[in-house]
Amino acid sequence: MASGSYFEAPQATVKFLCDRLLDKSQPISERFRALFSLRNLQGPAPRDALILATRDESNLLAHEAAFALGQMQDAEAVPALEKILEDYSLHPIVRHEAAEALGAIGLESNIPTLKRSLLEDPAQEVRETCELALRRIDEQKCVNNIDEISTEMKSPFLSVDPAAPASFSSSIDQLREVLLNERNGMYERYGALFALRNLGVDRAVDAIIASLIAGSALLRHEVAYVLGQLQDKAASAALSDILRNSCEHPMVRHEAAEALGSIADHDSISLLEEFKADSEPIVSQSCEVALSMLEYEQSGKSFEYFFMEAPEVHQIINEA
């Protein structure tokens with residue numbers, strides 16, 4: 001959820017959510033419920049819990065915690081995110097998300113760390129994320145009017161995107177060409193991707209689906225994420241092929257699983273059930289979380305814990 005959309009919660013509720021997030025005995029889906037709730041709260045307790053979660057043994061949870069810190073745009077999280085980015089013992093998917101979060105927070109003081117990782121990180125997807133983050137910070141720096149920044153960068157999907165959408169003066173054909181052209185820079189391709197997403201018409205979705213064969217795993221993972229945002233059933237077959245492909249990068253398969261959960265047709269659900277047993281934990285846990293989210297949605301309940309008026313802890317526990 002983008003910066004500025006936050007909820008109030010009693011201290012006891014916040015403690016419950018922090019404890020639930022960090023409780024390794026809980027199913028991964030329950031920990032994600034707590035994570036998704038905490039990212040809608042401000043203050044040191046949610047932030048500190050999410051920072052601790054970035055070091056979790058579940059790479060899926062750790063990367064989602066880093067993503068949440070970026071979406072919250074909390075400058076107090078920057079030192080922890082920089083340490084994550086520079087820790088090569090962590091999975092690339094976690095380092096990637098830390099770099100993206102630093103770009104989302106957008107401080108000029110983040111530039112040296114991002115430039116260093118752009119040159120030195122062994123993982124291509126992390127280096128490409130640093131490139132995006134540096135361009136995003138530079139683009140924000142060039143715009144002096146704060147209102148203009150928020151208008152330029154704001155997503156209709158309430159997300160802080162890693163690149164601003166390309167100009168709507170570009171046609172769908174022009175945007176498709178930019179997105180599919182492997183010679184273009186990553187920031188330009190991301191900008192075309194988000195512009196096509198925001199258009200959302202069939203021809204725009206077709207162009208997005210076509211880019212699932214891009215050479216960059218980072219771009220493929222973002223394309224799958226966008227298709228999940230759009231929830232367009234036309235993408236089901238291509239996303240299913242990605243999930244089935246054990247040779248594909250785990251970050252791409254993870255996003256394909258989540259997107260299939262958002263699309264939620266019969267074949268997608270069956271595939272998620274099958275791949276809950278995948279040998280790659282990032283993928284199997286993604287399927288588990290996607291199915292849990294879908295179960296809550298179909299039962300008319302929120303996956304997030306506390307979309308209720310001043311919730312009490314016992315009410316939350318009873319819902320769990």
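## Close-up views of an all-helix model

Start with the parts list: this protein has 18 helices and zero strands. Keep in mind that what you're looking at is a predicted model.

**View 1. The whole chain, before zooming in.** The protein runs to 320 residues, and buried ones make up 55% of them. Now take the contacts between residues with a separation of 6 or more: 69% of those link residues 24 or more positions apart.

**View 2. Helix α2 meets helix α17.** How do you describe two packed helices? You give the angle between their axes and the distance between the axes. Here, α2 (residues 28-38) and α17 (residues 281-298) have axes that come within 9 Å and cross at roughly 70°. Angles of 65 to 115 degrees count as roughly perpendicular, so that is the label for α2 and α17. Their crossing is right-handed. On the α2 side, the contact is made by I28, S29, E30, F32, R33 and F36. Facing them from α17 are Q285, E288, V289, S292, M293 and Y296. Sort the residues of this contact by class and you get six nonpolar, three polar and three charged.

**View 3. Zooming in on R33.** You just met R33 as one of the α2 residues that touch α17. Is R33 buried or exposed? It's buried, because its relative accessible area is 0%, and the cut-off for buried is under 20%. What lies 2.8 Å from a polar atom of the R33 side chain? That would be the backbone oxygen of F303.

**View 4. Helix α14 alongside helix α16.** Compare this pair with View 2. The axes of α14 and α16 (residues 266-275) come within 11 Å and cross at roughly 10°. Angles under 35 degrees count as roughly parallel, so α14 and α16 get that description. From α14, the contact involves S236, S240, L243 and R244. From α16, look for S268, L271, L272 and F275. By class, the residues in the contact of α14 with α16 are four nonpolar, three polar and one charged.

**View 5. D74 in a loop.** Find the loop between α4 (59-72) and α5 (78-85), and you'll find D74 in it. Being in a loop doesn't tell you whether a residue is buried, so check the number: D74 has 16% relative accessibility and counts as buried. Which side chain does the side chain of D74 make a polar contact with? It's that of R47, at 2.9 Å. The D74 side chain also reaches the backbone nitrogen of E76, at 2.9 Å. Set aside the neighbours within four places in sequence, and D74 is in contact with R47, L69 and I105.

**View 6. Two glutamines with positive phi.** Most residues other than glycine have a negative phi. Q73 has a positive one, near 55°. You'll spot Q73 in the loop between α4 and α5. It counts as partly exposed because its relative accessible area is 27%, and partly exposed covers the range between 20% and 50%. Now hop over to the loop between α13 (217-230) and α14 (236-244), where Q231 is found. Phi of Q231 is near 55°, again a positive value in a residue other than glycine. With 44% relative accessibility, Q231 counts as partly exposed.

Key
Residues are numbered from 1 along each chain as its sequence is written. This is a predicted model: local features need pLDDT of at least 70, side-chain atom pairs count only at pLDDT 80 or more; totals for chains, interfaces and linings use all residues. Side-chain values use heavy atoms; hydrogens and water are left out. Helices (H or I, at least four residues) and strands (E, at least two) are DSSP runs, numbered from the N terminus. Buried means under 20% relative accessible area, exposed over 50%, partly exposed in between (1.4 Å probe, protein chains only). A polar contact is a pair of N or O atoms within 3.5 Å; within protein, one must be able to donate a hydrogen and the other to accept it, and residues adjacent in sequence count only if both atoms are side-chain atoms. Contact means heavy atoms within 4.5 Å. Axes are lines fitted to C-alpha atoms, for helices over the stretch in contact, and angles run from 0 to 180 degrees between N-to-C directions. Angles under 35 degrees count as roughly parallel, over 145 as roughly antiparallel, 65 to 115 as roughly perpendicular and the rest as oblique. A crossing is left-handed if the near helix is turned anticlockwise from the far one by less than a right angle, and right-handed if clockwise. Ala, Val, Leu, Ile, Met, Phe, Trp, Tyr, Cys and Pro count as nonpolar, Asp, Glu, Lys and Arg as charged, and the others, Gly among them, as polar.
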